[in-house]
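Dear colleague,

I am handing over the structure we talked about, and I would be glad if you could keep it open while you read the notes underneath.

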Amino acid sequence: MFPLTSWFRATRVAPLLAMVWVGSPLRAQEGGAVATVDGNPISREQLVERLLADAGASLLDKLIQEKVVEQAAAKGGVTVAEEEIDQQLNDVKASLPRDKSLDEMLAEQGMSMVTLREQVRMRLRLRKLVGDFKLDENQLRNYYTGHRWMFEEKEQVHVCHLFHQNEQALKLLKLKLSRGLSFEELAKEVRGRAAAMLARGDPPDQGEADLGWITRELTNLEAPFVELAFSLKPGEVGGPVKTDTEYHLIKVIEHKPAFKPTFEQIQEKVRGTVYAQELQSRMGERMAALMKEAKIEKRLELPGVGH
């Protein structure tokens, strides 16, 4: 899968500019006006002029690159099937946050699906023009040595906690634990009391939360909390421990020890990382070479926006 972030930035105005230029979905109505403000018109020409001034140069460069790659692909017998583009888009969809669709992402970027598919097509053509290549083990070992930290994992614990402004209240909760009540049942009890206080209009003096995975190094939690959390075994509950504003009972759900892999353990992961970087570099070099070989004449006169 190819990264799409740079494509979105480079082409976000393209769909609108293209539609205005050909006069299709944004065809001007009376007198060429695309909008009016208190009866005063904004003409189609004003819109086109502003779009050209703001994005015309970058969009033209993008279109030139697409045409250069298209011609090189045709000359080299390189084709891209629609199924290949569909696969790339499926990979993109799978990488998006769960609460965001590809259509929503495109809407945020002001890009149409047609434009995105053409961008993917160009990148696939360029990828095929680059061709396949192999990496030797020295490249991989050198990268691993220089970027070992990227593959290391810090010690982590998955923690939940109950918190209260009153230490004695937490001691009573811990006593309930010793008498057979589960941490989850206590959390439900605390959650109910906090909700009742909110319903009365009072600020809650207690609460519970699953903090997920934390490390010693990357956390905004206070030192006493962190030290206790990392001293507990999975399933153990510790505390109360005091922080600046409240007391806590901490339960460790799971523990992951620090992991410093050898080259042999992650060789394929290193290979994938280095291959992706090398591919990006080669694609850039091939694009630059194609642009240099092509006879390009720019005839677009960009307007100013001083009025």
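What follows goes through a sheet, then a helix residue, and then a patch on the surface. Please keep in mind throughout that this is a predicted model.

Let me begin with strand β3, which spans residues 156–164 and is mostly covered, since 9 of its 9 residues are buried. If you look at the two faces of β3 in turn, you will find Gln156, His158, Cys160, Leu162 and His164 on one side, and Val157, Val159, His161 and Phe163 on the other, and both of these faces are covered.

Which strands pair with β3, and in what sense? One partner is strand β4 (residues 206–215), which runs antiparallel to β3 and is joined to it by 9 bridges; within this pairing, glutamine 156 stands opposite threonine 215 of β4. Strand β6 (residues 247–256) also pairs with β3 over 9 bridges in the antiparallel sense, and here histidine 164 has tyrosine 247 of β6 as its bridge partner.

Stepping back from β3, you can trace an open sheet of 4 strands in the order β4-β3-β6-β5, with antiparallel pairing. Because β4 and β5 (237–242) stand at the edges and each have a single partner strand, one side of each is left without a neighbour in the sheet. On average, and with direction ignored, neighbouring strands of this sheet are turned by 25 degrees against each other. Helix α9, made of residues 167–178, packs on the sheet and touches β3, β5 and β6, while its direction makes about 175 degrees with that of β5.

The next place to visit is arginine 121, which you will find in helix α6 (residues 113–130). Is this arginine buried or exposed? Arginine 121 has a relative accessible area of 11%, and because buried means under 20%, arginine 121 counts as buried. When its neighbours within four places in sequence are left aside, arginine 121 is in contact with Val80, Glu82 and Ile85.

Finally, please turn to the surface, where Val34, Val37 and Ile42 form a nonpolar patch with about 210 Å² of accessible area together. One of these residues, isoleucine 42, belongs to strand β2 (residues 40–43), and with a relative accessible area of 35% isoleucine 42 is partly exposed, a term that covers values between the 20% limit for buried and the 50% limit for exposed.

With best wishes

Note on methods
Residues are numbered from 1 along each chain as its sequence is written. This is a predicted model: local features need pLDDT of at least 70, side-chain atom pairs count only at pLDDT 80 or more; totals for chains, interfaces and linings use all residues. Side-chain values use heavy atoms; hydrogens and water are left out. Buried means under 20% relative accessible area, exposed over 50%, partly exposed in between (1.4 Å probe, protein chains only). Two strands pair if DSSP finds at least two bridges between them. Axes are lines fitted to C-alpha atoms, for helices over the stretch in contact, and angles run from 0 to 180 degrees between N-to-C directions. Contact means heavy atoms within 4.5 Å. Patches are made of residues with over 30% relative accessible area and no salt bridge: like charges are joined within 9 Å, nonpolar side chains (Val, Leu, Ile, Met, Phe, Trp, Tyr) within 5 Å. Accessible areas come from the Shrake-Rupley method with a 1.4 Å probe; for residues, only the protein chains shown count as cover. A salt bridge is a side-chain nitrogen of Lys or Arg within 4 Å of a carboxyl oxygen of Asp or Glu.
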